[in-house]
Amino acid sequence: PHPPPHPPPHPGPPPPRPNGTQFVITTQPAPALDPYNLVVGRVLEGMNLIAELSALPTTKSNVKSPFFKTAKAIGDSRATVAEKGFGRPFAKIVIKNSGLVASE
């Protein structure tokens with residue numbers, strides 16, 4: 001399979017001693033995630049908090065800028081670093097005690 005046209009959202013660096021898993025909570029369709037990810041749960045309570053998190057200001061993509069395009073074309077690593085930050089909140093978000101896994 002071919003990779004998605006845009007890299008899927010990345011929740012940030014893994015915690016110390018990770019087990020190799022990461023998660024993304026989506027609030028709208030994310031077709032780029034479909035061929036590469038498995039839905040393993042859903043939010044049972046606290047959607048109001050998810051809505052607040054999704055409303056936080058994020059860094060805007062600058063990929064259409066001629067300066068960014070030039071930097072990418074010449075392999076400037078700063079462009080790659082900047083690109084990883086596009087769409088991320090300005091502040092770090094830490095989720096602790098996220099609840100329990102309900103059995104069905």
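**Notebook: a predicted three-helix model**

I began with S65, which is buried at a relative accessible area of 12%. I note at the outset that the model is predicted. I placed S65 in the loop between α1 (47–54) and α2 (66–73). I then looked up the polar surroundings of the S65 side chain and found one of its polar atoms 3.1 Å from the backbone nitrogen of F67.

**Overall make-up**

I next turned to the secondary structure, which comes to three helices and zero strands. Along the sequence I read the pattern α-α-α. The protein has 104 residues, and buried ones make up 8% of them. S65 counts as buried because its 12% falls under the 20% limit.

I also looked up the contacts between residues at least 6 apart in sequence, and 58% of these join residues at least 24 apart. For the accessible surface I recorded about 9500 Å², with 60% of this area belonging to carbon and sulfur atoms.

**Salt bridges**

How many salt bridges does the structure hold? I found two. Side chains of opposite charge can pair when their charged atoms come close.

I examined the pair K72 and E83, whose side chains meet in a salt bridge with an N to O distance of 2.7 Å. This pair links distant parts of the chain, since K72 belongs to helix α2 and E83 to helix α3 (residues 77–85), eleven residues apart. I checked the exposure of each partner: K72 is partly exposed, with a relative accessible area of 36%, and E83 is partly exposed as well, with 31%.

I then examined R78, which forms a salt bridge with D76. The closest N and O atoms of R78 and D76 are 2.7 Å apart. Is each partner here buried or exposed? I recorded R78 as exposed, at 63% relative accessibility, whereas D76 counts as buried, at 18%. The assignment of D76 follows because its 18% is under the 20% limit, while R78 is exposed because its 63% is over the 50% limit.

**A nonpolar patch**

Which residues form a nonpolar patch on the surface? I listed F23, I25, V43, M47, L56, I93 and I95. Together these residues have about 590 Å² of accessible area.

I looked more closely at one of them, I93, which I placed in the segment after α3. I93 is partly exposed, with a relative accessible area of 37%. I93 can belong to the patch because its 37% is over the 30% limit for patch residues.

Terms used. Residues are numbered from 1 along each chain as its sequence is written. This is a predicted model: local features need pLDDT of at least 70, side-chain atom pairs count only at pLDDT 80 or more; totals for chains, interfaces and linings use all residues. Side-chain values use heavy atoms; hydrogens and water are left out. Helices (H or I, at least four residues) and strands (E, at least two) are DSSP runs, numbered from the N terminus. Buried means under 20% relative accessible area, exposed over 50%, partly exposed in between (1.4 Å probe, protein chains only). A polar contact is a pair of N or O atoms within 3.5 Å; within protein, one must be able to donate a hydrogen and the other to accept it, and residues adjacent in sequence count only if both atoms are side-chain atoms. A salt bridge is a side-chain nitrogen of Lys or Arg within 4 Å of a carboxyl oxygen of Asp or Glu. Patches are made of residues with over 30% relative accessible area and no salt bridge: like charges are joined within 9 Å, nonpolar side chains (Val, Leu, Ile, Met, Phe, Trp, Tyr) within 5 Å. Accessible areas come from the Shrake-Rupley method with a 1.4 Å probe; for residues, only the protein chains shown count as cover. Contact means heavy atoms within 4.5 Å.
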